[in-house]
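Here are my notes on the structure, as numbered points. Please read them with the model open.

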Amino acid sequence: MTTTTAPPSAPGAHAATREPVLRVEDVQLRFGQVTAIDGVSFDVLPDELFAVIGPNGAGKTSIFNVISGVYRPQQGSVTLDGKRLDGARPAAIARRGVARTFQNIELFANLTVIDNLMLGRHQHIHYGTLSALAWIGRARRQELVHRRAVEEIVDFLDLAAWRAMPVGLLPYGVQKRVELGRALAMEPRLLLLDEPVAGMNLEETEDMARYISDIRGELGVSMIMVEHDMALVMDLADRVMVLDFGVPVTTGTPAQVQRDPRVVAAYLGGELDAAGDPTDATAAGAEQVRP
Amino acid sequence: MTMVSPQKGSQQPSDRGAARPTAPRSRRVWGRPDLYTSYRQDMAMLNTRPKQLGVLAIVVVAAILPFVTSDDLLKILGTGLVLSIGAIGLNLLVGYAGQVSLGHAFFVGVGAYAASAIAGDPEGRYIGFGVDIVPVWILGGGIAAAVAGAIVAPIATRLRGLYLAIVTLGLVVIGGYIFTEWRDLSGGAQVGREAPQPVILGSDLTVDGAFTQEQKLYWLFLVVLVITAVLARNVARSRVGRALAAVRDRDVAAGVMGVELGRYKLIAFVLSSFFAGVCGSLLFVANGVFGPERFTLLLSVQFIAMVLIGGVATVSGSIMGAMLIALLPRISAELPSFLPFITSAANEHPNIFEVEIALYGALIVIFLLFEPRGLFGIWVRIRTYWKSFPFSY
């Protein structure tokens with residue numbers, strides 16, 4: 001229902017006319033002698049679901065870490081709504097409207113579901129320590145207002161049954177959902193989903209897919225998704241970027257990417273290794289990426 | 001007021017309109033807990049009826065205890081109340097924010113000397129400003145310690161775990177040196193200076209009147225403890241408390257959520273030091289005199305023991321732990337009558353003083369091994385057992 005009310009075809013149709021939400025330009029990230037990502041550039045448009053795929057160790061999560069400020073790239077730039085993002089601290093980037101989930105769940109295990117979601121709203125709650133000590137007036141009012149916002153997310157993600165439980169005790173699939181909720185509670189401009197359905201069974205995957213398309217339809221958040229579940233990526237994503245050894249192989253619609261022989265080579269290590277040398281692939285990828 | 005509960009609304013005359021005619025509040029069903037009808041109720045500090053009644057009962061019993069207890073036991077209990085304030089402070093730092101600190105004794109010392117100086121006799125031998133009004137020097141001690149905490153925090157927030165523990169250990173050593181050598185303030189080693197005079201509304205609490213000194217001081221300590229406990233619980237359930245827990249559990253994720261790590265570690269240090277300072281300002285009032293040798297590593301370890309034995313990241317656990325540690329000398333003094341091989345003579349072994357020291361260690365080890373949630377954890381077990389009685393789960 002939600003996918004029909006939202007304009008899923010819009011990102012492709014009006015892509016050329018709209019300003020991108022996020023622009024990543026020629027980012028390079030090295031750890032000592034190891035180059036984790038090299039020359040990665042892409043744009044994410046408003047309401048777009050942009051997927052990043054690639055074999056293990058391709059640098060997908062590193063891109064997320066660069067965008068959210070956990071790592072600082074040696075080269076290149078990241079801009080959100082036209083303003084530089086790279087170099088800022090994670091908390092400052094979060095305030096600019098970038099939220100993320102983690103591949104290995106990074107929830108606050110001793111806190112309840114509600115408290116985890118309230119932490120997502122941390123930057124929207126405004127009162128100081130002295131007000132917190134007294135818990136009258138402003139502090140109490142703000143807590144009530146934001147508690148209501150959090151309960152809406154609880155409803156949205158069907159978390160009501162677990163809301164008062166410490167998240168450490170919850171099943172894996174539910175924890176993944178709580179983490180998504182925590183990111184949503186930040187009211188992000190851009191949402192980074194790091195393997196949202198990793199390790200999930202079919203039912204849980206379908207649930208998560210529905211939540212992701214609901215988020216697009218109802219909240220209109222731009223998303224970047226890293227995922228190994230190709231069926232999910234091909235069904236949900238507007239555009240897909242393929243990475244291999246930190247280098248972009250190609251970017252395009254799911255259909256284009258699936259047909260690209262270089263993608264097959266990256267995943268299966270096929271015969272193209274001999275024919276298309278890596279430099280060729282790099283050049284082609286960069287050319288594809290440039291807007 | 002977006003979520004006024006039906007009950008809350010019905011209590012306000014203005015809301016009592018057509019929407020809610022005369023339907024009386026439904027009678028409570030016996031044996032079934034009250035349901036929450038508003039987020040306000042859910043978020044309340046004491047959010048169930050048993051908690052409200054239980055805490056009320058404890059406070060009432062604590063308040064009438066001086067009428068039925070001997071003065072020397074009252075003095076020990078009073079010390080326990082004051083130590084509870086410090087333990088709550090340390091628990092904010094160690095339990096809630098996850099920053100291990102061995103430097104608590106230093107901040108307690110800063111509070112003690114600041115309060116003594118504020119209340120001290122200006123004509124006396126040591127630094128004194130002669131303001132002996134109780135709230136003034138309590139706050140003064142707290143604020144002085146908080147300032148010390150704020151000075152130390154920027155260094156400490158760059159470290160974590162064992163490294164932080166070592167740095168804060170250094171703080172105790174440096175503090176011990178300053179307290180000993182600054183004789184105008186502290187009176188120097190083995191001499192000491194007078195503790196602040198507790199004067200409320202012109203009457204000195206250390207003078208026996210209708211009530212004895214011990215009774216009056218006990219009530220003072222109880223009032224201050226209740227206030228600090230409420231403040232600490234408020235912080236714990238607020239935005240600040242959640243941020244502290246986030247820093248403790250997952251610092252990378254906390255940063256990505258928009259929690260400024262350094263800022264919240266600083267807040268934890270300042271709050272913890274403030275409570276330590278309040279504790280220090282009151283700690284020696286009953287004794288009257290204290291020397292710089294009180295603020296050693298042993299005091300820090302005692303506070304750590306209170307937190308671990310009482311229950312990490314709980315306010316009520318801090319109080320339980322502090323009371324147990326305060327009563328420990330008394331408990332070990334009673335031991336010879338149960339265990340004849342322990343003597344109360346200092347020149348024989350094993351004597352009660354040795355047993356007392358050993359008990360600290362033994363209690364910490366036992367609790368860490370068998371009940372890491374401390375006395376509070378034991379209480380939770382009892383509560384859950386009786387909740388589902390007679391079924392085991």
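1. **Status and interface count.** Across the interface of chain B and chain A, the rule finds five salt bridges. Keep in mind that this is a predicted model. One bridge to look up joins the side chains of Arg147(A) and Asp42(B), at 2.7 Å from N to O. Polar contacts between chain B and chain A come to 14 residue pairs, both partners at pLDDT 80 or more.

2. **Which parts of chain B face chain A.** Five helices of chain B each supply at least two residues of the side that touches chain A: helix 2 (39-43), helix 9 (213-237), helix 10 (239-249), helix 11 (251-256) and helix 12 (261-283). Helix 10 of chain B gives the largest share, eight residues. By class, this side of chain B has 18 nonpolar, five polar and nine charged residues.

3. **Extent of the interface.** The contact involves 32 residues of chain B and 38 residues of chain A. The size of an interface is often given as the accessible area lost when the parts come together. Here the area buried between chain B and chain A is about 3500 Å². Carbon and sulfur atoms give 63% of that area. In chain B, the residues that lose the most area to chain A are Arg239(B), Arg242(B) and Met257(B). Together they make up 23% of what that side buries.

4. **Helix 10 of chain B.** How many of the residues of helix 10 of chain B are buried? Nine of its 11 residues are, and the helix is mostly covered. The buried residues are Arg239(B), Val240(B), Gly241(B), Arg242(B), Ala243(B), Leu244(B), Ala245(B), Ala246(B) and Val247(B). Two of these, Arg239(B) and Arg242(B), are also listed among the residues of chain B that lose the most area to chain A. The N-terminal end of the helix is capped by Ser238(B). A side-chain oxygen of Ser238(B) lies 3.1 Å from the backbone nitrogen of Val240(B).

5. **Ala94(A), a residue that touches both chains.** Ala94(A) is found in helix 4 (residues 90-95) of chain A. Is Ala94(A) buried or exposed? Its relative accessibility is 2%, so Ala94(A) counts as buried. Leaving out residues up to four places away in sequence, Ala94(A) touches Gln123(A) and Met186(A) in chain A, and Gly255(B), Val256(B), Met257(B) and Gly258(B) in chain B. Met257(B) also appears among the residues of chain B that lose the most area to chain A. For scale, the C-alpha atoms of Ala94(A) and Leu236(A) are separated by 25 Å, with their positions 142 residues apart along the chain.

6. **Aromatic pairs in chain B.** Over all chains, the structure holds 16 aromatic pairs. One of them is Phe106(B) with Phe179(B), a stacked pair at 6.0 Å centre to centre and 20° between the planes. Phe106(B) lies in helix 5 (residues 104-119) and Phe179(B) in helix 7 (residues 162-181) of chain B, so the pair ties together parts that are 73 residues apart in sequence. Both rings belong to buried residues: Phe106(B) has a relative accessible area of 12%, and Phe179(B) one of 6%.

7. **A second stack, and the cluster.** Phe284(B) and Phe290(B) also form a stacked pair, 4.6 Å centre to centre with 10° between the planes. Phe284(B) is buried at 2% relative accessible area. Phe290(B) is buried at 2% as well. One aromatic cluster takes in Phe106(B), Phe107(B), Tyr113(B), Phe179(B), Phe284(B), Phe290(B) and Phe295(B).

8. **Met200(A), a loop residue.** Where does Met200(A) lie? Met200(A) is in the loop between strand 7 (190-194) and helix 9 (202-219) of chain A. Met200(A) is buried, with a relative accessible area of 13%. Beyond its neighbours within four places in sequence, Met200(A) is in contact with Tyr172(A), Gly173(A), Lys176(A), Thr205(A) and Met208(A). Met200(A) and Lys176(A) are 24 residues apart in sequence and 9.4 Å apart in space, C-alpha to C-alpha.

9. **Chain A overall.** Chain A has 14 helices and 10 strands. Of its 291 residues, 55% count as buried. Among contacts in chain A between residues at least 6 apart in sequence, 67% join residues at least 24 apart.

Methods
Residues are numbered from 1 along each chain as its sequence is written. Chains are lettered from A and ligands numbered from 1 in the order in which they are written. This is a predicted model: local features need pLDDT of at least 70, side-chain atom pairs count only at pLDDT 80 or more; totals for chains, interfaces and linings use all residues. Side-chain values use heavy atoms; hydrogens and water are left out. Contact means heavy atoms within 4.5 Å. Buried area is the accessible area (1.4 Å probe) that two parts lose on being put together, summed over both. A salt bridge is a side-chain nitrogen of Lys or Arg within 4 Å of a carboxyl oxygen of Asp or Glu. A polar contact is a pair of N or O atoms within 3.5 Å; within protein, one must be able to donate a hydrogen and the other to accept it, and residues adjacent in sequence count only if both atoms are side-chain atoms. Helices (H or I, at least four residues) and strands (E, at least two) are DSSP runs, numbered from the N terminus. Ala, Val, Leu, Ile, Met, Phe, Trp, Tyr, Cys and Pro count as nonpolar, Asp, Glu, Lys and Arg as charged, and the others, Gly among them, as polar. Rings of Phe, Tyr and Trp (its six-membered ring) pair if their centres lie within 6.5 Å; planes under 30 degrees apart count as stacked, over 60 as edge-to-face and the rest as tilted. Buried means under 20% relative accessible area, exposed over 50%, partly exposed in between (1.4 Å probe, protein chains only).
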